[in-house]
Amino acid sequence: MTQLFFSEYEASPDDDLAPLRPLVIAGAGGLGREVALLISQLNAAGARWDVRGFYDDRVPAVPTVGSLPYLGTLADLNAVASPLAVAVAVGSSAGRAAVVSRLTSPHLSFPTLVHPTVDLRPEQRVTLGAGCIIQRGCILTCDITLGRFVLLNLGCTLGHDSVLEDFCSLMPHANVGGGASLATGVYLGTNATVIHQVTIAAGTTVGAGAVVVRDLPAHCTAVGVPAKPTGKSEL
Ligand SMILES: CC(C)(COP(=O)(O)OP(=O)(O)OC[C@H]1O[C@@H](n2cnc3c(N)ncnc32)[C@H](O)[C@@H]1OP(=O)(O)O)[C@@H](O)C(=O)NCCC(=O)NCCS
């Protein structure tokens, strides 16, 4: 796990001298285009990513996605012959984990991408794993741990001492209270809230707008206020 005290890509006086770093996006859907936008915002703040295009097993109907080219399947990406950074832009927790499990080439690396306006300062003591993506408007307070490939979509908040294990996914404006704990692959729909000290077990999906006030078991879907399991399994 990487301990990051500042955004990895905060501008520094030497940035003009730094080499461009090639990067591609795995996932050519809507989230992929939003991640491309995030990277252009990072570059505007002084990062040096050279975004080459998109990989996806679903071949898009047109050869460009946004303004970037479609470059091939995940097998093609795994066969690259030189170092390449990859942003995995797949919104579902299980889908993202499945993509990452296939990207085994030693040439591939997975940077943490944090929007330049998101505060990550030493006094916050935030720990981020490789491959995390944190979008504009997120607020993280202090003593927070994120595992690998955690996705915080636009405007999420994380309170003190919260823990989000690998492949958790928070959709826009989801909120996690102090000391709450989300196990591997938990997915929070847009505007969902998890109150303080609650634990959600692995692979559970929380519906849009739900409020989780009690611990939830693994691999269920929970909706409503207060959130209750529906009897359906994870997405
Ligand atoms: C909870 C969720 C995962 C369920 O999806 P699903 O398994 O396909 O469920 P369905 O759409 O078939 O709905 C099943 C039932 O749950 C209800 N339901 C679905 N989502 C709900 C929600 N968020 N809150 C309350 N009830 C919900 C439906 O009305 C339906 O009720 P009914 O059986 O009485 O008609 C999904 O609706 C959801 O909220 N996903 C979050 C999506 C999101 O935030 N995306 C952000 C993208 S940026």
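**Exercise 1. Trace the open sheet of 8 strands in this predicted model and find which strands stand at its edges.**

Step 1. Start with the order of the strands: E8-E10-E13-E16-E19-E22-E24-E25, in an open sheet with mixed pairing.

Step 2. Now look at the two ends of that order. Strand E8 (113-114) and strand E25 (228-229) each have a single partner strand, so one side of each has no neighbour in the sheet. These two are the edge strands.

Step 3. Next, pick one pair from the sheet. Strand E19 (residues 187-188) runs parallel to strand E22 (residues 205-206), and the two are joined over 2 bridges. Within this pairing, leucine 188 stands opposite valine 206 in E22.

**Exercise 2. Work out where the largest nonpolar core lies with respect to the two domains.**

Step 1. Begin with the residues. This core has 65 of them, and those with the most contacts inside it are Ala26, Val35, Ala87, Val88 and Leu188.

Step 2. Ask which element gives the largest share: helix H1 (residues 30-44) does, with 6 residues.

Step 3. Bring in the domains. Both domain 1 (2-113) and domain 2 (114-228) give residues to the core, so the core lies between them.

Step 4. Zoom in on valine 88. Leaving out residues up to four places away in sequence, valine 88 touches Ala26, Gly27, Arg96, Val99, Val100, Phe110, Gly131 and Phe149.

**Exercise 3. Describe how domain 1 meets domain 2.**

Step 1. Take the domain assignment of the protein chain: domain 1 covers 2-113 and domain 2 covers 114-228. Their C-alpha centres are 22 Å apart.

Step 2. Count the residues in contact: 26 of domain 1 with 24 of domain 2.

Step 3. See what builds the side of domain 1 that touches domain 2. Strand E1 (2-3), H1, strand E6 (84-88) and helix H3 (93-102) each supply at least two residues. The largest share, 5 residues, comes from H3.

Step 4. Sort this side of domain 1 by class: 15 residues are nonpolar, 8 are polar and 3 are charged.

**Exercise 4. Find which residues come nearest to the ligand, and sort the shell around the ligand by class.**

Step 1. There are 16 residues around the ligand, and Gly189, Thr190, Gly207, Ala208 and Val223 come nearest.

Step 2. By class, the shell holds 6 nonpolar, 9 polar and 1 charged residues.

Note on methods:
Residues are numbered from 1 along each chain as its sequence is written. This is a predicted model: local features need pLDDT of at least 70, side-chain atom pairs count only at pLDDT 80 or more; totals for chains, interfaces and linings use all residues. Two strands pair if DSSP finds at least two bridges between them. Helices (H or I, at least four residues) and strands (E, at least two) are DSSP runs, numbered from the N terminus. A nonpolar core is a set of buried Ala, Val, Leu, Ile, Met, Phe, Trp, Tyr and Cys residues joined through C-beta atoms within 7 Å. A residue is buried if 20 or more other C-beta atoms lie within 10 Å of its own, exposed if 12 or fewer, and partly exposed in between; C-beta atoms are placed from the backbone. Domain bounds come from an automatic or database domain assignment. Two residues are in contact if their C-beta atoms, placed from the backbone, lie within 7 Å. A residue is near a molecule or strand if its C-beta atom, placed from the backbone, lies within 6 Å of it. Ala, Val, Leu, Ile, Met, Phe, Trp, Tyr, Cys and Pro count as nonpolar, Asp, Glu, Lys and Arg as charged, and the others, Gly among them, as polar.
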